[in-house]
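Here is a short set of exercises to work through at your own pace. Try each task with the structure in view before you read its solution.

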Amino acid sequence: VPVSELTEAAAKAELGPLRQQLTQWGKEYYEQDQPSVEDYVYDRAYQRLVQIENRFPQLVTPDSPTQRVGGQAAGQLAKVNHEIPMLSMGDVFSLEELADFNTRQQASLADHVEYNLELKIDGLSLSLVYENGKLVQGSTRGNGQIGEDVTANVMTIKDIPKQLPEPLSLEFRGECYMPKEAFLALNQQREAEGLPIFANPRNAAAGSLRQLDPKITKQRQLATFMYYVPNFQALGITTQAEALKRMRELGFQVNENSLVAKDESAINDYIAEYTAKRDDLPYGIDGIVEKVNDLATQVELGNTVKVPRWEIAYKFPPEEAATVVREIEWTV
Ligand code: NAD
């Protein structure tokens, strides 16, 4: 039934099982690193939940997947409290939706908006805390407030600087991922050993970072791209593009394919370029992230309970053959 034709009673009846299903899929994905359905199936169900809740806002509950970030930090790893929450990200699935999002966003702002465009790396968020330039803590996002302590594990990741060239006491955030080559080799090895294989590089990275034994993490060849400085004021910078540059200077891996875009055609060109180049990259990407470049404007826009209002993900469409299979799965 199209959402526009749902009665409130019908909506209410649908919401219970829909939320339960999404919560179950979320557990498998975020907590067990073993999704049972493709992302596209999850996204479609999630979109339907959003549409129903938009039509009947009185039916929104605090425990709805639309009001929560990620999963619980449920394993045996120690817990870490995130002073600044690690949020999720809104997403759009077409250029039209993206243009609409930008129009609405710009209407609330006085000045012309410049965007920093970045690749959306298909891994899991990572927080790194430095004290006097020394790496002292690594943690996962968890439910956004409470993540898992993976300090011993991040110490084994080669491309993460353990000591910065400046005595900074600051948090840096980014994505931990598994390069495609390492992912294929890992799955081959697991298959040979009769172990279950990982569904995709994202789940392999998450499963590898969230290990109790850092020796296992070390074998997994994880890598990082850093992209965010929550307390950017400490660096005296004013734009996201500068944040990336500063992080690169400090010795972090920062993805080189970002671009400052001033208008819609530059945004669409960038999306077209990386939609075409996607398969040739040595790491997985599942979309493009568009961020308001000016950091003061980011602060002005702020967040919802779940996502920043200054950034949005454009998600690539799923491959065509796979879509058919997923459509069928969804309708049965
Ligand atoms: P998300 O992972 O889609 O997007 C937010 C994340 O993008 C951030 O937390 C960050 O880690 C990452 N990111 C990558 N590159 C970035 C960059 N350059 N700048 C900023 N952030 C960057 O959001 P989410 O809420 O964590 O998860 C939703 C996603 O998970 C959807 O794609 C959904 O399909 C998938 N999912 C799938 C299942 C399943 O069962 N298959 C279940 C739950 C969620």
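**Exercise 1. Which domains does the domain assignment of the protein chain give?**

Solution. Keep in mind throughout that this is a predicted model.

Step 1. Look up the assignment: the chain is split into domain 1 (1-68) and domain 2 (69-331).

Step 2. Find how far apart the two parts sit. Taken over C-alpha atoms, the centres of domain 1 and domain 2 are separated by 24 Å.

Step 3. Turn to the contacts between them: 15 residues of domain 1 are in contact with 18 residues of domain 2.

Step 4. Ask which elements build the domain 1 side of this contact. Those giving two or more residues are α1 and α2, and α1 gives the most, with four residues.

Step 5. Sort that side by class. It has five nonpolar, four polar and six charged residues.

**Exercise 2. Describe the shell around the ligand, and explain why it lies between the two domains.**

Solution. Step 1. Start with the residues. There are 21 around the ligand, and those that come nearest are Tyr29, Pro35, Asp39, Ser88 and Ser125.

Step 2. Move on to the elements. At least two residues of the shell come from each of α1 (8-31), α2 (39-55) and β3 (115-121). The largest share, four residues, is supplied by α1.

Step 3. Sort the shell by class: 10 of its residues are nonpolar, four are polar and seven are charged.

Step 4. Draw the conclusion. Domain 1 and domain 2 both give residues to the shell, so the shell lies between them.

**Exercise 3. Where does UniProt place the feature "active site", and is that residue buried or exposed?**

Solution. Step 1. Read the record. The unreviewed UniProt entry places this feature at Lys120.

Step 2. Locate the residue: Lys120 is found in strand β3. Strand β3 also appeared in Exercise 2, as one of the elements supplying at least two residues of the shell around the ligand.

Step 3. Count neighbours. A residue needs 20 or more other C-beta atoms within 10 Å to be called buried. Lys120 has 21 C-beta neighbours inside 10 Å, so Lys120 counts as buried.

Step 4. List the contacts. Not counting residues up to four places away in sequence, Lys120 touches Ile285, Asp286, Gly287, Ile288, Val289 and Ala313.

**Exercise 4. Which residues of the largest nonpolar core touch the most other members?**

Solution. Step 1. Recall a general idea: in soluble globular proteins, nonpolar side chains tend to be buried together.

Step 2. Look at the core itself. It holds 54 residues, and Ala205 and Met247 touch the most other members. Strand β8 (residues 223-228) gives the most to this core, with five residues.

Step 3. Follow Ala205. Leaving out residues up to four places away in sequence, Ala205 touches Gly123, Leu124, Cys176, Tyr177, Met178 and Leu222.

Step 4. Follow Met247 to one of its contacts, Val229. Val229 sits in the loop between β8 and α8 (240-249), and counts as buried because it has 24 C-beta neighbours inside 10 Å. Beyond its neighbours within four places in sequence, Val229 is also in contact with Leu170, Phe172, Leu235 and Ala243.

**Exercise 5. Is Val136 buried or exposed?**

Solution. Step 1. Place the residue: Val136 is found in strand β5 (residues 134-140).

Step 2. Apply the cut-off. A residue is exposed if 12 or fewer other C-beta atoms lie within 10 Å of its own. Val136 has 12, so Val136 is exposed.

Step 3. Check its contacts. Setting aside residues up to four places away in sequence, Val136 touches Val129, Tyr130 and Glu131.

**Exercise 6. What is the phi of Asp33, and where does Asp33 lie?**

Solution. Step 1. Read the angle. Phi of Asp33 is near 55 degrees, a positive value in a residue other than glycine.

Step 2. Place the residue: Asp33 lies in the loop between α1 and α2. With 19 C-beta neighbours inside 10 Å, Asp33 counts as partly exposed.

Step 3. Try another case, Gln221. Its phi is positive, about 55 degrees, although Gln221 is not a glycine. Gln221 lies in the loop between α7 (214-219) and β8, and counts as partly exposed with 16 C-beta neighbours inside 10 Å.

Conventions: Residues are numbered from 1 along each chain as its sequence is written. This is a predicted model: local features need pLDDT of at least 70, side-chain atom pairs count only at pLDDT 80 or more; totals for chains, interfaces and linings use all residues. A residue is near a molecule or strand if its C-beta atom, placed from the backbone, lies within 6 Å of it. Ala, Val, Leu, Ile, Met, Phe, Trp, Tyr, Cys and Pro count as nonpolar, Asp, Glu, Lys and Arg as charged, and the others, Gly among them, as polar. Domain bounds come from an automatic or database domain assignment. Two residues are in contact if their C-beta atoms, placed from the backbone, lie within 7 Å. A nonpolar core is a set of buried Ala, Val, Leu, Ile, Met, Phe, Trp, Tyr and Cys residues joined through C-beta atoms within 7 Å. UniProt positions are given in the numbering used here, feature names are shortened, and annotations may be inferred rather than shown by experiment.
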